[in-house]
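Open the model in your viewer and keep the sequence panel visible. The tour below goes from one selection to the next.

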Amino acid sequence: MKIAITGGIGSGKSYVCQLMSNKGINIYDCDSAAKRLMRNSPTIRRKLCELIGNDTYDEKGQLNKAEVARFLLASEENKHAIDAIVHPAVANDFKESGMQWMECAILYESGFDHLVDCVIAVTAPTELRIQRIMQRDNITREAAIAWIEKQWPQSEIQKRANFEIINDGRELEPQIENIINHIKE
């Protein structure tokens with residue numbers, strides 16, 4: 001059985017994944033995998049350079065994040081073009097990893113929900129998410145809200161998920177244990 005953990009920015013999904021890792025559950029991190037593949041895959045490097053230009057990587061071969069971000073934010077078409085290069089590589093990497101669990105912030109947007117049998121949504125009140133993002137990233141309230149608004153609505157993620165972990169200050173361990181027990185059954 002393949003299981004995904006998802007949730008919007010500031011929901012605490014990475015923290016929940018850390019708690020699960022402490023229980024011995026190995027979780028594939030889609031964000032880290034995408035960054036690793038963008039750095040190390042010759043095919044992705046070539047395709048990104050063809051798409052974005054020669055400034056995609058610096059003279060040391062390091063990804064030029066500012067250049068990629070500039071291209072990405074310029075239009076929705078640009079975002080989709082990068083996604084069309086990176087997402088299939090991450091999906092394939094997950095399949096080849098042999099891992100059962102994945103953490104994916106954009107599970108539904110990427111189509112990765114089709115790679116799993118079960119989805120756990122981590123949710124939190126919007127105001128708490130805003131505060132977490134502001135503190136973690138040292139950004140303004142407006143910038144935090146803008147990040148939240150770029151993602152799918154939390155209510156839509158909740159509707160599609162099989163399970164929900166509510167990360168609003170209540171105990172997480174019992175919620176995690178309950179879900180793990182349901183999945184085992």
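The stops below cover a pair of strands, a charged residue in a helix and a residue in a loop. The model is a predicted one.

**Stop 1: the strands**

Select residues 163-166, which form strand β5. Which side chains of β5 are buried? Those of F163 and I165 are buried and point to one face; E164 and I166 point to the other face and are not buried. In a regular strand, side chains alternate between the two faces of the sheet.

Now add residues 118-123, strand β4. β4 and β5 pair in the parallel sense, with 4 bridges between them. To line them up, find A121, which stands opposite E164 in β5.

**Stop 2: R129**

Move to helix α7, residues 126-137, and select R129. Is R129 buried or exposed? R129 is buried, yet it has no salt bridge. The nearest side chain of opposite charge belongs to E109, 9.2 Å away.

What lies around R129 instead? Leaving out residues up to four places away in sequence, R129 touches G8, I9, G10, S11, A124, I148, Q151 and Q154. Of these, show the backbone of I9: its oxygen is 2.9 Å from a polar atom of the R129 side chain.

**Stop 3: N138**

Select N138, in the loop between α7 and α8 (141-150). N138 counts as exposed because its relative accessibility is 72%. Check its backbone as well: phi of N138 is near 55 degrees, a positive value in a residue other than glycine. Most residues other than glycine have a negative phi.

Conventions
Residues are numbered from 1 along each chain as its sequence is written. This is a predicted model: local features need pLDDT of at least 70, side-chain atom pairs count only at pLDDT 80 or more; totals for chains, interfaces and linings use all residues. Side-chain values use heavy atoms; hydrogens and water are left out. Buried means under 20% relative accessible area, exposed over 50%, partly exposed in between (1.4 Å probe, protein chains only). Helices (H or I, at least four residues) and strands (E, at least two) are DSSP runs, numbered from the N terminus. Two strands pair if DSSP finds at least two bridges between them. Lys and Arg count as positive and Asp and Glu as negative; His and the chain ends are not counted. A salt bridge is a side-chain nitrogen of Lys or Arg within 4 Å of a carboxyl oxygen of Asp or Glu. A polar contact is a pair of N or O atoms within 3.5 Å; within protein, one must be able to donate a hydrogen and the other to accept it, and residues adjacent in sequence count only if both atoms are side-chain atoms. Contact means heavy atoms within 4.5 Å.
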